[in-house]
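Student: Could we go through the cysteines and the charged pairs of this structure together, one question at a time?

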Amino acid sequence: MKKSNIVLIFNGLGNQMSQYAFYLAMHDRMPNTKYICWDNDHNGYELERLFGIRKHTSPINLLLSRTLICQRDYWWIKIIKKFLATIGYEAINENLNYCYTATHLLSSNRITFWYGGWHNYRYFNSIDSKLRDVFRFPEQKLNVYSSELLSLIEKTHSVGIHIRRGDYLQGENRKLYGDICTISYYKQSIEYIKQLVSKPRFFIFSNDAEWVQNNLDISSAVYVNDNTGSDSWMDMFLMSKCKNLIIANSTFSWWGAYLSNADYILCPTKFINDKNSGDIYPDTWIRIDSTTDSLI
């Protein structure tokens, strides 16, 4: 049996970028590594549209991967999983707290499906320059609105602030991601930036601008709220051009920060409601510890 690694790519843009970065890092070490696209959530498969990364699919591998990661306790699923294991197939699910596991980048003698977000920068920091080249946004496709904002961002002491609400306030997402980037987190971060940056100009990226205006007193703020749907990537691009950043616990602003040349990047101490999840932030980013109040 020929061993191989197959990285699953799915969900929104930030997730797809992390998963593809993980694939590239693994492929550098093990050329037998492949990737397949698992579904079309959010705005679909965006890596091809934005970066020219072809969409790979395989009905057989999609079926095998879904079977191997299935958590349902059906007897026939157990039998199939056992059979697949005996012929050399396995699935590795990433730990939900996104902590780095060095052994994941070591070779194995099995056909392995990799299911997870793979947001920890330690997996792919060794190929940083390659990622900056691969994830080069098509600036020529910016709409007029974003082009004008880019000009303003570049000629001011810009501070991008990402405030994500919406789905982070609901159900399981609330349990995982909620009440981390609190009102206090943003207030402390803004005051911190004001001590470091002369005459900062704040650019607010949020899916709830009204809430921000009612709860955070941010002077001279520009609210970026016209890029939706298939234009959402323009917000990540604009974040990456800001000279300073205050990010949310979101892969969207995480990648905006990672691809930036920002002087200061402020982030929360954790990514999800697990004390170890802050491991995904580079050591040079400034952690702000504030979970004493709620975003509601």
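**Charged pairs and cysteines**

Tutor: In this predicted model, arginine 165 is buried, its relative accessible area being 7%.

Student: Which residue meets the side chain of arginine 165 in a salt bridge?

Tutor: Arginine 165 lies in the loop between strand S5 (157-163) and helix H7 (171-177), and its partner sits in the loop between strand S6 (200-206) and helix H9 (209-215), so the pair ties together parts that are 43 residues apart in sequence. The partner is partly exposed, with a relative accessible area of 23%. The N to O distance is 2.9 Å, and the residue that arginine 165 meets is aspartate 208.

Student: How many residues apart are aspartate 28 and lysine 130, and which helices hold them?

Tutor: Aspartate 28 forms a salt bridge with lysine 130, with the closest N and O atoms 3.1 Å apart. The pair links distant parts of the chain, aspartate 28 being in helix H1 (residues 13-29) and lysine 130 in helix H5 (residues 128-134), at a separation of 102 residues.

Student: Is cysteine 267 buried or exposed, and how many disulfides does a search of the whole structure find?

Tutor: Because its relative accessibility is 0%, cysteine 267 counts as buried. A disulfide requires two cysteine sulfur atoms within 2.5 Å, whereas the closest cysteine sulfur to that of cysteine 267, in cysteine 181, is 9.0 Å away and therefore too far for a bond. Over the whole structure, the number of disulfides found is zero.

Conventions
Residues are numbered from 1 along each chain as its sequence is written. This is a predicted model: local features need pLDDT of at least 70, side-chain atom pairs count only at pLDDT 80 or more; totals for chains, interfaces and linings use all residues. Side-chain values use heavy atoms; hydrogens and water are left out. Buried means under 20% relative accessible area, exposed over 50%, partly exposed in between (1.4 Å probe, protein chains only). A salt bridge is a side-chain nitrogen of Lys or Arg within 4 Å of a carboxyl oxygen of Asp or Glu. Helices (H or I, at least four residues) and strands (E, at least two) are DSSP runs, numbered from the N terminus.
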